Amino acid sequence: MKPVKLIMSAFGSYGGTEVIEFDKIQNGLFLIAGDTGAGKSTIFDAIMFALYDTMSGKERKSIMMRSEYASDNMETYVEYTFSYGSSIYTIKRFPAYVRKSKRRNKDGQYNIIRQQGKVELTMPDGTAYNGKIAQVNQKIEEITGLTAEQFNKIALIAQGEFQELVMDRTGKRKEIFRQIFSTQIYGDIEDIIFKRYKAEASQIKYNSTKLEELVKGIDFQEDSPYKEDFNIAFERKDTEPDRLPDIMRAETSRLKDIYNGKQNLYIEKETEYKKLNNYITK
């Protein structure tokens with residue numbers, strides 16, 4: 001966002017109407033300087049107020065918007081024109097304040113009138129944005145991509161508050177930089193990866209528990225050459241999950257060979273028994 005033009009009427013330090021045409025400043029770089037109380041901060045307050053209906057700086061409140069130097073018939077408002085990309089927007093905002101009536105009442109006294117706040121937003125095509133104050137405020141956030149707090153910390157950061165941003169521990173700095181550099185997509189990717197990690201970790205934990213329950217029922221024979229390897233593999237089942245199945249297959253193969261050997265021996269003995277029995281019964 002680039003400032004183009006700022007009009008302040010009976011606002012803050014300025015009792016009259018002040019106009020700043022930023023687009024006429026050469027090179028686009030300038031310094032706002034002046035003595036204390038000259039109205040430097042008022043310029044930033046005016047921009048902040050026009051955009052977000054609030055003031056910059058923690059020590060300045062909205063009740064300070066109406067200039068104490070303004071005449072009774074002087075209207076208080078800020079009109080701010082700014083560009084965003086190739087589009088030009090103009091926002092004119094009037095604060096709520098009290099003033100004396102322009103005419104005396106029947107008693108010859110001036111009444112105190114409360115001036116209601118209002119806002120007008122002109123879009124790049126010249127049309128007025130149709131919406132109440134809250135809706136216009138929301139539209140400004142959509143245009144700038146920043147909330148009032150974020151804009152205040154980035155564009156209008158006050159003296160002494162820069163360190164607060166740098167040293168922030170609440171997560172606001174992360175959110176502000178995400179808005180500035182449009183890194184939300186990377187945050188979304190990070191969230192997806194983390195959710196997948198949690199799901200996979202949960203499944204691994206479940207499988208590990210089930211495996212432990214099954215393995216506890218397995219008892220290797222004392223003469224098994226894989227008994228010690230099995231105990232070590234069981235302790236490392238989470239870091240070396242492939243070792244247990246390999247040892248189980250090896251033990252199963254060994255037991256199968258033993259079974260087949262005994263089965264063959266049984267068949268041989270049974271054959272010999274039948275031959276001997278036939279010989280005896282003849």
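These notebook entries record what I looked up in a predicted model of one protein.

**Entry 1. Overall make-up**

I began with the secondary structure and found eight helices and seven strands in the protein. I then looked up burial: of the 282 residues, 28% count as buried. For the surface I noted an exposed area of about 20,100 Å², of which carbon and sulfur atoms supply 51%. I also looked up how contacts are spread along the sequence. Among contacts between residues at least 6 apart in sequence, 52% join residues at least 24 apart.

**Entry 2. The nonpolar cores**

I next asked which residues have the most contacts inside the largest nonpolar core. They are L6, L51 and I91, in a core of 29 residues. I traced the elements that give two or more residues to this core and listed β1 (2-11), α1 (40-52), β3 (77-84), β4 (87-94), β7 (118-122), α2 (133-144) and α3 (148-154). The largest share, eight residues, comes from α1. Apart from this core I found another, of six residues, and I noted F220, F234, L244 and I247 among them.

**Entry 3. The surroundings of I91**

I chose I91 for a further look, as one of the residues with the most contacts inside the largest core. Setting aside its neighbours within four places in sequence, I recorded contacts of I91 with A50, L51, V78, E79, Y80, F82, V119, E120, L121, V136 and I140. One of these partners, L51, is itself listed with I91 among the residues with the most contacts in the core.

**Entry 4. Helix α2**

I turned to α2, which has twelve residues. From its first C-alpha to its last, α2 reaches 17 Å, close to the 16 Å expected at 1.5 Å a residue. Which residues of α2 are buried? I found V136, N137, I140, I143 and T144. These buried residues lie on the same side of α2, because they cover an arc of only 120 degrees around the axis. I noted the general background that an α-helix has 3.6 residues a turn, so residues three or four places apart point the same way.

I then looked up what the buried residues of α2 pack against, and found α1, β3, β4 and β7. On the other side of α2, A134 and E142 are exposed. Just after α2, I found G145 with a positive phi of about 75 degrees.

**Entry 5. Salt bridges**

How many salt bridges does a search of the whole structure find? It finds four, and I looked at three pairs in detail. As general background, side chains of opposite charge can pair when their charged atoms come close.

The first pair I noted is E21 with K24, with the closest N and O atoms 3.3 Å apart. E21 counts as partly exposed, because its relative accessibility is 34%. K24 is exposed, with a relative accessible area of 60%.

The next pair took me back to α2, where E142 forms a salt bridge with K139. Their closest N and O atoms are 3.7 Å apart. Both residues lie in α2, three residues apart, about one turn of the helix. E142 counts as exposed at 52% relative accessibility, whereas K139 is partly exposed, with a relative accessible area of 21%. The value for K139 falls in the partly exposed class because buried means under 20%.

The last pair I examined is D246 with R249, with the closest N and O atoms 2.5 Å apart. D246 and R249 both lie in helix α8 (residues 243-281), again three residues apart, about one turn of the helix. I recorded D246 as partly exposed at 42% relative accessibility and R249 as exposed at 52%.

**Entry 6. Positive phi in residues other than glycine**

Finally I looked for positive phi values in residues other than glycine, and noted A10 and D53. Phi of A10 is near 50 degrees, and A10 is found in strand β1. Is A10 buried or exposed? I found A10 buried, with a relative accessible area of 0%.

Phi of D53 is near 60 degrees. Where does D53 lie? I located D53 in the loop between α1 and β3. D53 is partly exposed, with a relative accessible area of 35%.

Key. Residues are numbered from 1 along each chain as its sequence is written. This is a predicted model: local features need pLDDT of at least 70, side-chain atom pairs count only at pLDDT 80 or more; totals for chains, interfaces and linings use all residues. Side-chain values use heavy atoms; hydrogens and water are left out. A nonpolar core is a set of buried Ala, Val, Leu, Ile, Met, Phe, Trp, Tyr and Cys residues joined through side-chain atoms within 4.5 Å. Buried means under 20% relative accessible area, exposed over 50%, partly exposed in between (1.4 Å probe, protein chains only). Helices (H or I, at least four residues) and strands (E, at least two) are DSSP runs, numbered from the N terminus. Contact means heavy atoms within 4.5 Å. The expected span of a helix is 1.5 Å times one less than its number of residues. The arc is that of the directions from the helix axis to the C-beta atoms. Accessible areas come from the Shrake-Rupley method with a 1.4 Å probe; for residues, only the protein chains shown count as cover. A salt bridge is a side-chain nitrogen of Lys or Arg within 4 Å of a carboxyl oxygen of Asp or Glu.
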